Amino acid sequence: MAHVLSRALAAVVALGFAAGPAAAQTDYPRRPITLIVPFAAGGPTDVISRIVGEHLSRTLGQPVIIENMVGAGGTTASTRAARANPDGYTIEMGHMGTHAASVALYPNLAYKPDADFAPIGLVAGTPVLILGKKDFPPNDLKEFVTYVKANVDKLNMAHAGVGSVSFTTCLLLNSILGVKPTSIPFNGTGPALTALIAGQVDYMCDQIVNVVQQVQAGQIKAYAVGTAERSPVLPNVPTSKEGGLPEFQAQAWNALFAPKDTPQPILDQLTDALDKALDDEQTRKRLLELGSVLPAKAGRGQQALAALVKSEIARWTPIIKAAGPTN
Ligand code: MLT
């Protein structure tokens, strides 16, 4: 995650923006705020949203209500969020999939992630793991590569819909291996993980925050993490480089967005509240225990996120194009 954030930070500095807007006083918010989560409850985006949402509501003095809206790899909810009233009462927890990879995966995407949203701030980086069901024959990444290549015709890979992190990062994995397994979509990696634990699917890619406890409990196998460093919460899981697949660099990020045209003073209040949440010891502890990587203060705000969205669209588009047709 460090290199994604350092790229965003460099762009901020280049744009000559100072860190941290001062939030002008408004009478916002006067009623509850809806936080749209584009995937099923219990999955990584939902869990992160609930942890951060709790602290946001404390700072803003109004309930932050989670609304799970599923479909089309998160793009259904993102379309709804982009078209919501720009009054600060509807915001979305988007991520690397909904606000970057989807651009190349949906030629007729109904929103432009870098134009139809007002960035509020980066929330957390989420390293992505290559995972297998408990009785999946391979015992390490090398064996995984050999086994999947030899048996792909009879393998099922789970994901959270075209455009999701799990879909996009396993698209990268499968294109590196030169394979196309049968892909099984779910409304989120919450339900996909349940199917993996039950052995109904063979493998998947997922954000660490969703699977750290299941890996620690041995309910599923973790073959590698797609980051330069091992995760402190799963020290026994090798990096993809250590496992012999250095091309598999995959880390996602989750971030808050508002509809474009949301008034700047309201955006600043939301960015300020997010900043306070990410500075809060308890909130940090809960996110870090799940393996999240928290952005440094200077790399969190509106400009850093705007820069990240642009750089991630530029990063994932050629990867997705090179992988060929996704259906
Ligand atoms: C989820 O919350 O289910 C995930 O973020 C889905 C995904 O993008 O893989």
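**Exercises: backbone and ligand site**

Ala72 sits in the loop that links strand E2 (64-68) to helix H3 (75-82) (DSSP runs: H or I of at least four residues, E of at least two, numbered from the N terminus). The model is predicted: local features need pLDDT of at least 70, side-chain atom pairs need pLDDT 80 or more, and totals for chains, interfaces and linings use all residues. Numbering starts from 1 along each chain as its sequence is written, and side-chain values use heavy atoms, without hydrogens or water.

**Exercise 1.** Find the sign of phi at Ala72, then locate the cis peptide bond that ends at Pro29.

*Solution.*
- Step 1. Phi of Ala72 is near 50°, so positive, and Ala72 is not a glycine.
- Step 2. The bond from Tyr28 to Pro29 is cis, with omega near -5°.
- Step 3. Pro29 belongs to the loop between helix H1 (2-14) and strand E1 (33-37).
- Step 4. Most residues other than glycine have a negative phi, and most peptide bonds are trans.

**Exercise 2.** Check the radius of gyration of the protein against the globule rule.

*Solution.*
- Step 1. Count the elements: the protein has 11 helices and nine strands.
- Step 2. Its radius of gyration is 19 Å, close to the 20 Å from the globule rule for 327 residues, so the protein is as compact as a globular protein of that length (C-alpha atoms; rule: 2.2 Å times the number of residues to the power 0.38).
- Step 3. Along the principal axes, the C-alpha trace spans about 60 × 40 × 35 Å.

**Exercise 3.** List residues around the ligand, then pick out polar atoms beside its oxygen atoms.

*Solution.*
- Step 1. The residues around the ligand include Phe39, Gly43, Pro44, His95, Ala160, Ser164 and Gly188 (a heavy atom within 4 Å).
- Step 2. Look for polar contacts, N or O pairs within 3.5 Å. A polar side-chain atom of Thr45 is 2.7 Å from a ligand oxygen. A polar backbone atom of Val165 also lies 2.7 Å from a ligand oxygen. For an N or O atom in the Gln207 side chain, the distance to a ligand oxygen is 3.0 Å.
- Step 3. Helix H2 (44-60) and helix H6 (165-177) are the elements giving two or more residues to the shell.

Methods
Polar contact = N/O pair within 3.5 Å; in protein donor to acceptor, adjacent residues only side chain to side chain.
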